[in-house]
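Thanks for coming. I have one structure to go through today, so please have a look at it before I start.

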Amino acid sequence: MVHIHNHVVICLFFLLYICTSYTLCADNAETDSTRIYRLQEVVFKSRVLTKDIFPVQSLSGEKLEKLNAHSVADAIRYFSGVQIKDYGGIGGLKTVNIRSMGSNHVGVFYDGIELGNAQNGVIDLGRFSLDNMEAISLYNGQKSSIFQPAKDYGSSGSVYLQSKVPFFDTDKKYNIRATFKTGSFGLANPSVLWEQKLNKNISSSFSAEYMYTTGRYKFRYKKTDGYDTTAIRHNGDVKALRAEIGLFGLIPDGNWRTRIYTYNSERGYPGAVVKNRFSNEDRQWDTNFFLQSSFRKKFNTFYSLLLNGKFAYDYLHYLSDQREAESLNNIDNRYKQQEGYISAANQFTIFPFWTTNISIDFLWNRLDADLIDFAYPRRFSTLAAFATALDFNKIKLQASILGTFIKEKAKTKENTAHHNPQYTPTIMIFYRPWEKGGVNFRAFYKKIFRLPTLNDLYYTTIGNIHLDPEYTTQYNIGITFEKNFPSLSFKHIELQADVYYNKVNNKIVAIPANNPFRWMMLNLGTVKIKGMDVALQGSWLFGKSWQLNTRINYTYQKAQDFTDPKDTYYKGQIPYIPIHSGTAIAGIEYKDWNINYSFIYTGERYDSRANIPANYIQPWYTSDLSISKKMSLKGIQSKIMIEVNNLFNQQYEVVRSYPMPSTNFRITLSVTL
């Protein structure tokens with residue numbers, strides 16, 4: 001306990017130091033397509049649902065704060081059609097899978113520029129905090145706006161993270177918000193956001209956050225035909241520091257922005273609970289840095305330009321449990337990634353109803369490691385996209401084609417992979433039958449691929465330079481409905497429903513070779529996915545002070561393996577994909593009080609391709625509850641929130657053998673100047 005209290009004191013001093021030492025920051029800039037305003041009410045509006053051809057779900061402003069969500073991964077759990085793999089608690093790896101197509105098919109964009117990981121293609125969403133996040137949007141396919149970089153056309157599904165863009169009240173030149181969170185697992189989590197208007201056209205922001213947690217929590221362990229005991233999860237501690245600086249500028253008919261991001265962490269990986277082993281000593285150190293800039297300008301009614309640029313550096317050190325130092329699979333590896341990216345998107349408005357876009361991106365990736373006989377690969381990617389859009393009011397049509405051209409270099413010419421040019425099309429349609437009816441129909445077809453990662457191709461003794469890309473074909477038909485009821489207590493209803501069919505060919509898999517510590521990468525498999533996503537939200541107003549907001553998401557997915565009719569798992573549900581899943585959220589507001597309840601359900605699944613009783617995983621559900629109160633004193637706004645997560649103490653595992661925390665709590669205090 002003394003150790004934990006010391007960390008709390010250190011964090012408080014850290015918060016005080018930042019609040020008294022750094023220059024104020026802020027911004028009046030516009031986002032890529034609309035101005036961001038800080039929301040004062042918790043209303044699940046998400047009007048964007050009815051304006052997009054592609055299915056989109058979005059949460060923004062204070063709605064994110066009501067979800068008992070600690071990271072971006074926690075918030076995305078409340079979207080339909082999504083599976084989050086969580087490898088145990090606060091410090092575990094968290095990846096997202098959209099409509100069962102795999103994490104590598106998901107593009108994650110931060111302020112409009114994609115986060116990259118050429119090494120393994122996986123973005124850990126657990127390291128992105130919500131303290132500096134204005135909005136999170138999830139698109140199936142891609143954004144409906146054709147004015148975007150070529151990379152935005154290159155994913156089966158996309159997650160867009162929008163950082164806070166400061167908004168200032170009249171005559172105010174700065175905003176300061178300091179937050180401190182504490183709670184279960186020895187959590188100490190201070191953060192600060194400082195915004196400053198430098199002049200009428202330029203502003204800046206500074207955001208910093210430190211997090212410490214022991215990661216220790218109790219869980220139940222059951223052994224078949226054996227005992228039932230309670231154990232403690234060890235080696236889940238995390239020390240992480242994130243800092244960001246942003247500059248924002250307005251120019252005639254345009255804007256620009258620059259962001260510097262850095263993240264450093266040390267964490268333990270508690271590992272799987274198997275064979276009566278409850279502890280694991282694997283450690284990981286991460287350093288992530290990127291500098292990115294964006295420039296947008298409308299030169300005239302005919303031509304608009306969007307320029308993006310980025311440099312990123314990632315360092316990873318992974319150390320396996322040294323108690324197994326003599327084991328054949330002992331790991332003490334260091335990896336360094338570098339990425340350079342430039343992009344130019346050119347939009348031409350030929351007629352008011354007809355626009356086109358030509359985008360060209362260039363991407364350079366470099367991977368170094370301290371492995372014996374490592375290939376030291378370099379990847380050079382050129383992407384070119386042509387898109388066109390027709391808007392006839394009731395009917396909107398869009399089409400695009402993406403060309404991808406990849407060249408690679410490795411240590412020797414003989415072990416270098418060769419990739420053929422790829423051309424992938426997209427077609428979509430949006431139809432509004434009645435101008436004021438609130439009903440909209442949409443459909444799209446999209447074909448895309450995911451390139452093998454550098455690990456797939458070059459990892460020592462495992463990689464296979466002859467791998468083909470995974471191809472994904474998507475079909476989607478959907479409807480949205482929206483209606484307001486001004487004269488009733490029931491004020492608003494909004495419905496989104498989509499049915500879809502996806503097919504993944506040339507699935508890249510790892511299979512054991514001649515010993516359990518040596519694997520081989522192969523193209524093997526066809527996966528067919530049939531599903532339905534439904535999102536329903538509404539709001540009620542009782543009198544002048546009471547408001548109720550609700551949101552329900554439901555997902556049905558039949559994701560089957562059609563690789564080989566001779567296999568025992570032919571037509572079986574693929575691993576970790578439930579047939580039924582859903583979420584429900586209810587928020588009650590009364591003056592400055594807010595109560596929010598959220599519920600997550602994940603149905604039965606299998607942890608292997610063979611759908612047999614030995615691989616069966618039971619359904620799980622969890623309930624979270626939060627109560628918050630806003631206060632104001634002499635112009636200082638403050639807010640306190642108390643959260644109870646896993647309210648009914650469910651014992652569950654998102655991934656087999658990685659037990660999740662039991663009932664836990666968190667207290668958040670924020671002060672805004």
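I will go from the overall figures to the salt bridges, then the cores, the aromatic pairs and a patch on the surface.

A caution to begin with: this is a predicted model. The protein chain has 673 residues, and 54% of them count as buried. In terms of secondary structure, there are 37 strands and three helices. Where do the contacts with a separation of 6 or more come from? Residues 24 or more positions apart account for 64% of them. As for the outside, the protein chain exposes about 29,900 Å², and 60% of that is supplied by carbon and sulfur atoms.

Now the salt bridges. How many does a search of the whole structure find? The count is 21. I will take three pairs and one network.

In the first pair I want to show, the side chains of Lys151 and Glu114 meet at 2.9 Å, N to O. Lys151 sits in the loop between β6 (133-140) and β7 (157-163), while Glu114 belongs to strand β5 (residues 113-114), so to speak of separation, the two are 37 residues apart and the pair links distant parts of the chain. Are these two buried or exposed? Lys151 is buried, and Glu114 is too.

The next pair is Glu470 with Arg450, a salt bridge at 3.6 Å, N to O. Here both partners are in strands: Glu470 in β23 (residues 470-484) and Arg450 in β22 (residues 439-450), 20 residues apart. Glu470 and Arg450 are both buried.

Then there is Glu643 with Arg666, whose closest N and O atoms are 2.8 Å apart. Glu643 is in strand β34 (residues 636-645) and Arg666 is in strand β37 (residues 664-672), so this salt bridge ties together parts that are 23 residues apart in sequence. Glu643 counts as buried because its relative accessibility is 3%, under the 20% cut-off. Arg666, at 7% relative accessibility, counts as buried as well.

Beyond pairs, which residues are linked in a network of salt bridges? They are Asp111, Glu209, Arg242, Glu244 and Arg259.

On to the nonpolar interior. As background, nonpolar side chains in soluble globular proteins tend to be buried together. In this model, the largest nonpolar core has 43 residues. Val72, Ile76, Val96, Leu125, Ile136, Val159 and Leu161 are the ones with the most contacts inside that core. Which element gives the most to this core? It is helix α2 (residues 72-76), with four residues. Leu125 is worth selecting in the viewer: leaving out residues up to four places away in sequence, Leu125 touches Ser71, Val72, Ala73, Ile76, Lys94, Val96 and Val108. Apart from the core around Leu125 lies another one, of 17 residues, including Ala410, Tyr458, Ile508 and Met521.

Next, the aromatic side chains. The structure holds 27 aromatic pairs. Take Tyr110 and Phe290: the ring centres are 6.1 Å apart and the planes are at 70°, so this pair is edge-to-face. Tyr110 is in strand β4 (residues 106-110) and Phe290 is in strand β15 (residues 282-298), which puts them 180 residues apart and makes this another link between distant parts of the chain. Tyr110 is buried, with a relative accessible area of 1%, and Phe290 is buried at 5%. These two also belong to one aromatic cluster, together with Phe128 and Tyr261.

Phe299 and Tyr303 are a pair with another geometry. Their centres are 5.7 Å apart and their planes are at 25°, so the pair is stacked. Phe299 is partly exposed, with a relative accessible area of 44%.

Last, the surface. Which residues form a nonpolar patch there? The members are Phe302, Ile350, Phe351, Phe353, Phe392, Ile395, Leu397, Ile429, Tyr431 and Phe441, and together they have about 850 Å² of accessible area. Strands β17 (332-351), β20 (395-409) and β21 (422-431) each supply at least two residues of the patch. Phe392 is placed in the loop between β19 (378-391) and β20. With a relative accessibility of 46%, Phe392 counts as partly exposed.

That is the end of my tour; I can go back to any of these places in the viewer.

Note on methods. Residues numbered from 1 in each chain as written. Predicted model: local features only at pLDDT ≥ 70, side-chain atom pairs only at ≥ 80, totals over all residues. Heavy atoms only, no water. Buried < 20%, exposed > 50% of the residue type's maximum accessible area, 1.4 Å probe, protein only. Contact = heavy atoms within 4.5 Å. Areas by Shrake-Rupley, 256 points an atom, 1.4 Å probe, with all protein chains shown as cover. Salt bridge = Lys/Arg side-chain N within 4 Å of Asp/Glu carboxyl O. Patch = residues over 30% accessible without salt bridge, like charges linked within 9 Å, V, L, I, M, F, W, Y side chains within 5 Å. Core = buried A, V, L, I, M, F, W, Y, C linked by side-chain atoms within 4.5 Å. Phe/Tyr/Trp six-rings, centres within 6.5 Å; stacked < 30°, edge-to-face > 60°.
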